[in-house]
Amino acid sequence: MEMVLMDNLWVIIGTFLVLLMIGGFILLEAGSTRMKNAGHIAGKTIFTIGIGSLVFWAVGYGFIYGEGNAFIGLSNFFYGDASFSEEGLSPAVDFMFQMMFALIALTIAFGGFAERAKLSAYVVFAVLFSAFVYPVVAHWIWGGGWLADHGKQDFAGSTVVHLTGAMAALAATIILKPRIGKYNKDGSSNELAGHNQVYTALAVLLLWVGWFGFNGASTFGLSDAFFGYVILNTQLAAAAGAIAAMFLVWALTGKADVPTTLNGALAGLVAITASCGFVEPWAAVLIGAIGGLIVYGSMRFFDRARIDDPIFALSVHGTVGVWGTISTGFFATEALSVGMDWGLPGLFYNGGFEQLGVQILGVVASGVYAFIVSFIILKVMDKVMGGIRVTEEEEIIGLDLSEHGSYGYPENIPHPTEREAK
Amino acid sequence: MDYEELRAFKEIEQKKIMTYQDWNTFHNQLMSRTVNIAVEKYQEEQGTLPASFAFFVMGSAARCEQSVITDQDHGIIYDGEVEKEPFLLLGKEIAVGLEYIGYPMCDGKVMASEPLWTNSIDGWHRQVKEWLEESSWESLRHFSTFFDSRVLVGNADFLSQIKQVAFLYLKRNPSTYMRLVDNVGFIRKSIGIFGQLLPERSGRRTGSIHLKTAAFFPYVNAIRLLALLNNCDQHSTTSRIAELKGTYPFLEEYEELFKQLLQFRFNHTKNNTDYDDVHYLSVHTLTKSEKQELKEYMKKGAQLFEIVKKEIKKECSIWE
């Protein structure tokens, strides 16, 4: 009995840690964008997680974990269950933990909206994404859907959370088009640098700590203290990601670019999210390091493809989310896959190509679904709402003033003098 | 001849020029004529100047290392303690004239129209001493700018006298040499660890190398430092090398390289029409062998700077 209560306590602590990651995303997005949009970026994150929470309670949880079919769950709507059995997690604790993942995916998706989307677009898309995009993919993999039947491995959500969010972000960036001033007529791109690297660095630290809850509490219990092993792998991958990204950008450009280094740490975390419970520590280092290397290549790729991704959501969560998911197909050990009754060992552990194939199938199916449905939703919104992008003048003024009427840094706008105030 | 005729002359003649040496001779002629027109114009409007003077150019113009388009850097030295105002007015007239001919004004205001760059002989003596005594980052930058100078119109002795003051001060205060080394010690990294060129990665200059800072500065700065150490009064990098290579035989190798670099820049930028573009070289327009050539210039420049730094450190340690 005491062990069960301890399990519940651990998962609710994990819930709090993951919710605090939203604070990390607020700092990450605010730091990576320009001053004139800082208040907007921070404020919209709080109210969209409010929307996401209510939608998840109303239908999201039901679509994921309700009784249904291989495609979607269809019960447990407007969820509320005070029961407690002597085994496993209490339904409310489980519900809360699951909700946090939906909120993280939603916040990642909004990375693609940064600095140019209307506030109303955030509101509507928060509802539709939380109801029709995230829950479907989560059901397929975690809710007993068709990919779960294939033994798809995704320990804490490289695909379910990160890739799904990133695919929605990709759809948004394509429809919204680049920010004013991002690209020149000759096709070259300008760096619209974020206004505060200190915010961004603190964001990464906050997310890093939160990730211990994200991955560690995904063990759903304390038995064997397996969470410690998961957290160890998480730490190693993040460290390797930061170092690899910094080395690569320094080698290729001659400068140890700070945003790239920070994205490297996040890439390590995203990459290990799927595999943290399946692989050995040396593999965690490699998975994180490769994540750190490919995140930089991906950032350059999107920039050259004229896809404006201010927060680097597509690279950090999308490209690296794909790598993280596929990595278990290479590195999952027998003891941590078959031994845990979750899929098969990877290619490097005599598992052949089967698990790798399942992982690739999962990535393709989830990515395509999330992208297409998000694209359709956003296109329809664009038509119905008379555009989801603010006007040119509003974008130039900044969304703090144009959408909210007040400035995130009020000291920087003219104040009436004392005499004028009288 | 007035400014307009001179500009027309420039438009026609510049197309015929094929080497960087000829370009610099051409720049020299144009600037001298402009100054003479400005002096005549001033005297017609304001009367005779109160004292004899020397008009000098600085930077690449002084070193005869100008690119196809170059901005203005100049000053005036006048004889005797007379009013500065007439010379500032003349400086302004010259700056306006040069701009009309096709030399953009200097963003950093290193021009004879500014009080800092127009002084009497004694005023310049005091100014140079002050810069060296202060030894701040900015004052030493001003001094280095001033030291690369050449009289274009007027008495060349005025400038030589002032440079002697600098040499004397430095001999008495050798620690200032190391401050001067530190002042120009930053070399823009343009070759990566894989031996690849590192061009600009964003903005309108994406894919371009800033030739001035990445390739020229290490040579120019290193040789200026050696000139200061050896009381060498020559004004161009190549003439400084010619005078110094007796003492430093290793300079032989760099003399040829630097001349080749000047011609390399001329060949690749001669058709530029915008001052902002003239220092940038698009990597995509270079052939494989030209890229190798450029890398060699940059590597050797950085190497030269390191050698000179060690030489100066060694000599300073002997004096201390």
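This is a short walk through a predicted model with chains A and B, one selection at a time.

**Stop 1: the whole of chain B**

Start by showing chain B on its own and colouring it by secondary structure. You should find 12 helices and six strands. The radius of gyration is 20 Å, close to the 20 Å that the globule rule gives for 320 residues, so chain B is as compact as a globular protein of that length. Turn the C-alpha trace along its principal axes and you'll see it span about 65 × 55 × 35 Å.

How much of chain B is buried? Of its 320 residues, 36% count as buried. If you look at contacts in chain B with a separation of 6 or more, 73% of them come from residues 24 or more positions apart.

**Stop 2: two annotated stretches of chain B**

Next, select residues 21–135 of chain B. UniProt, in an unreviewed entry, lists this span as "domain: Protein-PII uridylyltransferase N-terminal". The span is 54% helix and 12% strand, and its end C-alpha atoms lie 35 Å apart.

Now move your selection to residues 179–310 of chain B, where UniProt places "domain: DUF294", again from an unreviewed entry. Here the chain is 56% helix and 5% strand, with 14 Å between the end C-alpha atoms.

**Stop 3: B:Cys64**

Zoom in on the loop between α3 (59–63) and β2 (74–78) of chain B, and pick out B:Cys64. Is this residue buried or exposed? B:Cys64 is buried, with 21 other C-beta atoms within 10 Å. Check its backbone too: phi is positive, about 55 degrees, although B:Cys64 is not a glycine. That's worth a pause, because most residues other than glycine have a negative phi.

**Stop 4: where the chains touch**

Bring chain A back into view. Nine residues of chain A are in contact with 10 residues of chain B. On the chain A side, the touching residues divide into two nonpolar, six polar and one charged.

**Stop 5: the annotated span of chain A**

Select residues 9–409 of chain A. An unreviewed UniProt entry gives this span the feature "domain: Ammonium transporter AmtB-like". The span is 67% helix and 0% strand, and its end C-alpha atoms lie 39 Å apart.

**Stop 6: α10 of chain A and two helix partners**

Keep α10 (281–304) of chain A highlighted, and add helix α8 (residues 226–253) of chain A. How do their axes meet? They come within 7 Å and cross at roughly 35 degrees, in a right-handed crossing. Sorted by class, this contact has 20 nonpolar, five polar and no charged residues.

Swap α8(A) for α11 (313–331) of chain A. The axes of α10(A) and α11(A) come within 9 Å and cross at roughly 145 degrees; this crossing is right-handed. To see the contact, show side chains including A:Ile287, A:Ile294 and A:Phe302 from α10(A), and A:Val316, A:Trp323 and A:Phe331 from α11(A). The contact of α10(A) with α11(A) has 12 nonpolar, six polar and no charged residues.

**Stop 7: A:Arg306**

Finish in the loop between α10 (281–304) and α11 (313–331) of chain A, where you'll find A:Arg306. Its phi is positive, about 60 degrees, and A:Arg306 is not a glycine. Is A:Arg306 buried or exposed? A:Arg306 is exposed, with 12 other C-beta atoms within 10 Å.

Definitions and conventions:
Residues are numbered from 1 along each chain as its sequence is written. Chains are lettered from A and ligands numbered from 1 in the order in which they are written. This is a predicted model: local features need pLDDT of at least 70, side-chain atom pairs count only at pLDDT 80 or more; totals for chains, interfaces and linings use all residues. Two residues are in contact if their C-beta atoms, placed from the backbone, lie within 7 Å. Ala, Val, Leu, Ile, Met, Phe, Trp, Tyr, Cys and Pro count as nonpolar, Asp, Glu, Lys and Arg as charged, and the others, Gly among them, as polar. Helices (H or I, at least four residues) and strands (E, at least two) are DSSP runs, numbered from the N terminus. The radius of gyration is taken over C-alpha atoms; the globule rule is 2.2 Å times the number of residues to the power 0.38. A residue is buried if 20 or more other C-beta atoms lie within 10 Å of its own, exposed if 12 or fewer, and partly exposed in between; C-beta atoms are placed from the backbone. UniProt positions are given in the numbering used here, feature names are shortened, and annotations may be inferred rather than shown by experiment. Axes are lines fitted to C-alpha atoms, for helices over the stretch in contact, and angles run from 0 to 180 degrees between N-to-C directions. A crossing is left-handed if the near helix is turned anticlockwise from the far one by less than a right angle, and right-handed if clockwise.
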